[in-house]
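Please find below my comments on the model, set out as numbered points. They can be read alongside the coordinates.

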Amino acid sequence: MTVRSAWLLPGGTTPGQTREDTRLAPLGTMLPDGELTTRGGVVPGGNPFAATGAGAMSLQIGIGRGTVQGTTAQGAYPLAVDAPEVVTFADGDALLGRVDTVVIRVYDKLFDVFGQNLARVEIVPGTPAGTPAAPTLAPACLPLWDVAVPAGTSAGVGGIDWNSALTDRRRYTAAVGGVIPRGTASEPGTYDGQYADIAGALMRWSIAAGQWQTYRAPKLVETTTSGASPQTGYTVLSFAARRVAGVCSFTLEAARTGAQIDANNAGNIADSPVALIPSGWRPATPVEAAISDGFGSGAALLGIDGDLRIRTWSANGAIATGRTLRVSPCYVL
């Protein structure tokens, strides 16, 4: 069955040459598979070349775009199917099952013996066997779906069970530098720095390692030494903060300038606000941190509003006027 609705740019076309059953489908510079070859595959977007049962032995292939790689001499054929196509399967073998493959095949009379220039959706039948396997495909074929045809299958006995017979063979491709959707770890990349979405993770191909590696974005490290403002009774002497990958830490030194604060024998004091940490450097939830002046120590609370306050101190100790307090919390932003 000829796919009259396919847009096809034969790879072997020479300037000014006329081709039958063809229309131009520019797809840009697609992902290379080698020095002179292109990665054949389906162009993502929606559900290209979707398969839907159309009868007991018939399957409808939906619209979509793709690139079919022929031999090195042929080059690549960008194409599109802009109207659904229906293919019909032969009855099953009497004794053995088989696996047929639905493909888009390109015919180019400059390079094959069929004497025509066209692209079409067609079925490549498999060989009946006790353990059937998908057939070997000729050049210039883009596999879409494998279909299991059990022994004895025919329209008269209910036909193919489309709920269980289909195996998705669509391989995706992208433009050079693009991310290949639905890639597979078993299929090697073709150039260093190629990206693919494999099992929901962004992977990068490493020629040196010979494998796909999980991509980790360079860490953005930000620092600041300003923005911390003192609360009444304190002076901020220094503030140095660092944040990376959503985690922040800082060291703050503050001098007590107000009256001495005395702790009772249980270490209780009235909350004493020390400093206000700048916006963008504040925790997602309140954080407890140790604070000390070298003579005693206590617990400070850093709130989501940036308010850093001392809540307890050494039993019977004191936060004396002129003492320098130091605190170094680490937390999630």
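The points below concern a predicted model and deal with strands, aromatic rings and a few single residues.

1. The open sheet. Four strands make up an open sheet, with the order E9-E8-E10-E11 and antiparallel pairing. Strand E9 (118–124) and strand E11 (166–168) are the edge strands, each pairing on one side only. From one strand to the next, the twist averages 20°.

2. The E10 and E11 pairing. Three bridges connect strand E10 (residues 141–149) with E11, in the antiparallel sense. For checking the register, Val147 has Leu166 in E11 as its bridge partner. As noted above, E11 is an edge strand of the sheet.

3. Strand E5 and its partners. Strand E5 (residues 64–69) is mostly covered, with five of its six residues buried. To strand E2 (residues 41–42), E5 is joined by two bridges, and the two run antiparallel. Gly41 is the residue opposite Thr67 of E5 in this pairing. Strand E6 (residues 76–81) also runs antiparallel to E5, and here six bridges join the two. In that second pairing, Gln69 is opposite Ala76 of E6.

4. The hairpin of E5 and E6. Six residues lie between the two strands of this hairpin, and Gly75 takes a positive phi near 90° there. The backbone oxygen of Gly75 is also 3.2 Å from a polar atom of the Gln69 side chain, so the residue deserves a look together with Gln69.

5. Gln69. What does the side chain of Gln69 reach at 3.3 Å? The partner is the backbone oxygen of Thr71. A polar atom of the same side chain lies 3.2 Å from the backbone oxygen of Gly75. Gln69 itself lies in strand E5 and has a relative accessible area of 17%; because the limit for buried is under 20%, Gln69 counts as buried. Leaving aside residues up to four places away in sequence, Gln69 touches Thr37, Thr38, Gly40, Gly75, Ala76 and Ala140.

6. Ala140. One of the residues that Gln69 touches is Ala140, which is found in the loop between E9 and E10. Its phi is near 60°, a positive value in a residue other than glycine. Most residues other than glycine have a negative phi. Is Ala140 buried or exposed? With a relative accessible area of 2%, Ala140 is buried.

7. Asn316. A positive phi of about 60° is also found at Asn316, which is not a glycine. Asn316 lies in the loop between strand E24 (307–313) and strand E25 (318–319). Its relative accessible area is 58%, so Asn316 is exposed. Ala140, by contrast, is buried.

8. Aromatic pairs: Trp205 and Trp212. The structure holds six aromatic pairs. In one of them, the ring centres of Trp205 and Trp212 are 5.4 Å apart and the planes are at 65°, so this pair is edge-to-face. The reasoning rests on the cut-off for that class, which is over 60 degrees. Trp205 counts as buried because its relative accessibility is 9%. Trp212 has a relative accessible area of 11% and is therefore buried.

9. Aromatic pairs: Phe250 and Tyr331. The ring centres of Phe250 and Tyr331 are 6.2 Å apart, and their planes stand at 75°, so the pair is edge-to-face. This pair links distant parts of the chain, with Phe250 in strand E19 (residues 247–256) and Tyr331 in strand E27 (residues 330–332), 81 residues apart. Both Phe250 and Tyr331 are buried. Which residues do ring pairs link into a cluster? They are Phe239, Phe250 and Tyr331.

10. Charges over rings. Two arginines should be viewed with their aromatic partners. Arg243 has its charged end over the ring of Trp281, at 3.9 Å from the ring centre. Arg256 lies over the face of Tyr234, and the distance to the ring centre is 4.8 Å.

Key. Residues numbered from 1 in each chain as written. Predicted model: local features only at pLDDT ≥ 70, side-chain atom pairs only at ≥ 80, totals over all residues. Heavy atoms only, no water. Pairing = 2+ DSSP bridges. Axes fitted to C-alpha atoms, helices over the stretch in contact; angles between N-to-C directions. Phe/Tyr/Trp six-rings, centres within 6.5 Å; stacked < 30°, edge-to-face > 60°. Buried < 20%, exposed > 50% of the residue type's maximum accessible area, 1.4 Å probe, protein only. Lys NZ or Arg CZ within 6 Å of the ring centre and 35° of its normal. Polar contact = N/O pair within 3.5 Å; in protein donor to acceptor, adjacent residues only side chain to side chain. Contact = heavy atoms within 4.5 Å.
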